[in-house]
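Trainee: I would like to learn how to read the contacts in a model like this one. Can we take them one at a time?

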Amino acid sequence: MTDLFNALGIADDATGGSLSVRSPIDGAEIGRVRTTDPAAMEGMILRAQEAFRVWREVPAPRRGELVRLLGEELRAAKADLGALVTLEAGKITSEGLGEVQEMIDICDFAVGLSRQLYGLTIASERPGHRMMETWHPMGPCAVISAFNFPVAVWSWNAALALVCGNPVIWKPSEKTPLTAIASMKILGRALARFGDAPEGLVQLAIGGPEIGETLVASSAIPIVSATGSTRMGRIVGPRVAARFGRPILELGGNNAMIVAPSADLDMAVRAIVFSAVGTAGQRCTSLRRLIVHHSVRDELVGRLVKAYGSLRIGDPRAEGTLVGPLIDTASRDRMVAALDRARAEGGTVHGGQVVEGVPGGAYIQPALVEMPAQTGVVCEETFAPILYIMGYETLDEAIALQNAVPQGLSSCIFTLNLREAEAFVSAAGSDCGIANVNIGPSGAEIGGAFGGEKETGGGRESGSDAWRGYMRRQTNTINWSSALPLAQGVRFDI
Ligand code: UN1
């Protein structure tokens, strides 16, 4: 561990502070970090504003160079940062590395984007006039991130914000400050090679709700990108909106898969197991509801019970482990309580036993729960590996079930029937921000816009044109004639 902290340059930061950081692997303290004094936030916000005044005038491709260097440094640090993600967030080794790869991917994307912040030209109704759109930097961007993707979600936001000309203030989860400090050190290496970035371009604020509240309340921060629970989003969203800031919210999901009669069940089983138990069910895209046609239900459930029975649960660093610990025992308690409630609502539970694998860690068998209907507990997101299973007869019924929850992040259908697949992704199909065919709901690539509707919050991050959320649009009308005609035929002669 000391070697790891040295390699990432965080050894000095990971001792002596007031916030105790525990590894979910065994509950042991792995570091103490200093929290940010809430009284220091004002200075931090001022520094971000000063950095903005410089950074917004740096040409976007040059801004992209910083992100290119960050991508290079992340490549060099991938094994170490991945190992730290495993240590601090409890992800299995492959998923820890995958998270860092996601950071590298968004850096590559943002570098290309730094030469493609395109606007439109628009036909003017007036002779000798031209209309166009210009995209300008917006200002400091606050990033409030969650424990489950402790570094990738920051990088989605930071890479885009930086090429778009915005400074970043990052408030990571209190459960994962070490990966945040390490990411800042890695960024520091890129900044040193870059040379002339303004001080305060990217800052880290570690601490509890009072830190987040300052960022949410400050009108000097036009963009607040927040990832976490719907409960958190209900507080952050309205507060940012009330000061006419721009919230980018990525909140709870309750993601479903429909398995149709024609589905390739071999593929479906693999997709279900990865998306329901990967990251111990702690992705916002994790599969939580299986809506399976009655004709294939018994076979599929039988195969899933078998597959779940062979899952290796334990130390996420060990070769062959597929299910690591939950983030903490409170999270495991919530899973146990949800399973009790599911039983009370008529469910039959397979698995879900607490595992005393490594003492001090919150290990538990992932659970499959056959439900008679989509009851109250199924409509809630429990951030743990619980997969509720329900049956259906017609596709309309399946789509209605899938859409009948308050969340709208990710969804998918397994079918070899073209009509069903197209119906699922049509206007009357899935109401989610992500709708897939023959792949699971989790593990999205960074090239697409990421986010969802309803209680998921409506924000979009990562690929496609999500960058527009980090810039302000300006409409320009240029008159190159020697007359001054008014629009809409208005006459106003003086
Ligand atoms: C999250 O859980 O907040 O699609 C993000 C996925 C990952 C990102 C998840 N690429 O599962």
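Trainee: How far is a nitrogen atom of the ligand from an N or O atom in the side chain of Glu102?

Mentor: Keep in mind that this is a predicted model. The distance from that ligand nitrogen to the N or O atom in the Glu102 side chain is 2.9 Å.

Trainee: Which residues make polar contacts with an oxygen atom of the ligand?

Mentor: Arg283 and Cys284 are among them. An N or O atom in the side chain of Arg283 lies 2.9 Å from a ligand oxygen. With Cys284 the partner is a polar backbone atom, 2.8 Å from an oxygen of the ligand. The residues surrounding the ligand also include Asn148, Phe149, Trp156, Glu250 and Thr285, as well as Ser442, Gly443, Ala444 and Phe450.

Trainee: How is the chain divided into domains?

Mentor: The domain assignment places 2-251 and 457-475 in domain 1, and 255-437 in domain 2. Their C-alpha centres are 30 Å apart. Where they touch, domain 1 contributes 20 residues and domain 2 contributes 26 residues.

Trainee: How much area do domain 1 and domain 2 bury between them?

Mentor: The general idea is that interface size is often expressed as the accessible area lost when the parts come together. Here domain 1 and domain 2 bury about 1700 Å², with 59% of it on carbon and sulfur atoms. On the domain 1 side, Ile25, Ile92 and Glu95 lose the most area to domain 2, together 31% of what that side buries.

Trainee: How many salt bridges cross the interface of domain 1 and domain 2?

Mentor: In general, side chains of opposite charge can pair when their charged atoms come close. The interface has 2 salt bridges. Glu95 pairs with Arg283, with 2.9 Å between the closest N and O atoms. Arg283 also has the side-chain contact with a ligand oxygen described above. Between the two domains, 6 residue pairs are in polar contact.

Trainee: Which elements give two or more residues to the side of domain 1 that touches domain 2?

Mentor: Those are helix H3 (60-89) and helix H4 (93-113). H3 supplies the largest share, 4 residues. By residue class, this side of domain 1 has 8 nonpolar, 5 polar and 7 charged residues.

Trainee: How many salt bridges are counted by this rule, and which residue meets Glu73 in one?

Mentor: The count is 24 salt bridges. Glu73 meets Arg193, at 2.8 Å from N to O. Glu73 lies in helix H3 and Arg193 in helix H6 (residues 177-194), so this pair, 120 residues apart, links distant parts of the chain.

Terms used
Residues are numbered from 1 along each chain as its sequence is written. This is a predicted model: local features need pLDDT of at least 70, side-chain atom pairs count only at pLDDT 80 or more; totals for chains, interfaces and linings use all residues. Side-chain values use heavy atoms; hydrogens and water are left out. Domain bounds come from an automatic or database domain assignment. Contact means heavy atoms within 4.5 Å. Buried area is the accessible area (1.4 Å probe) that two parts lose on being put together, summed over both. A salt bridge is a side-chain nitrogen of Lys or Arg within 4 Å of a carboxyl oxygen of Asp or Glu. A polar contact is a pair of N or O atoms within 3.5 Å; within protein, one must be able to donate a hydrogen and the other to accept it, and residues adjacent in sequence count only if both atoms are side-chain atoms. Ala, Val, Leu, Ile, Met, Phe, Trp, Tyr, Cys and Pro count as nonpolar, Asp, Glu, Lys and Arg as charged, and the others, Gly among them, as polar. A residue is near a molecule or strand if one of its heavy atoms lies within 4 Å of it.
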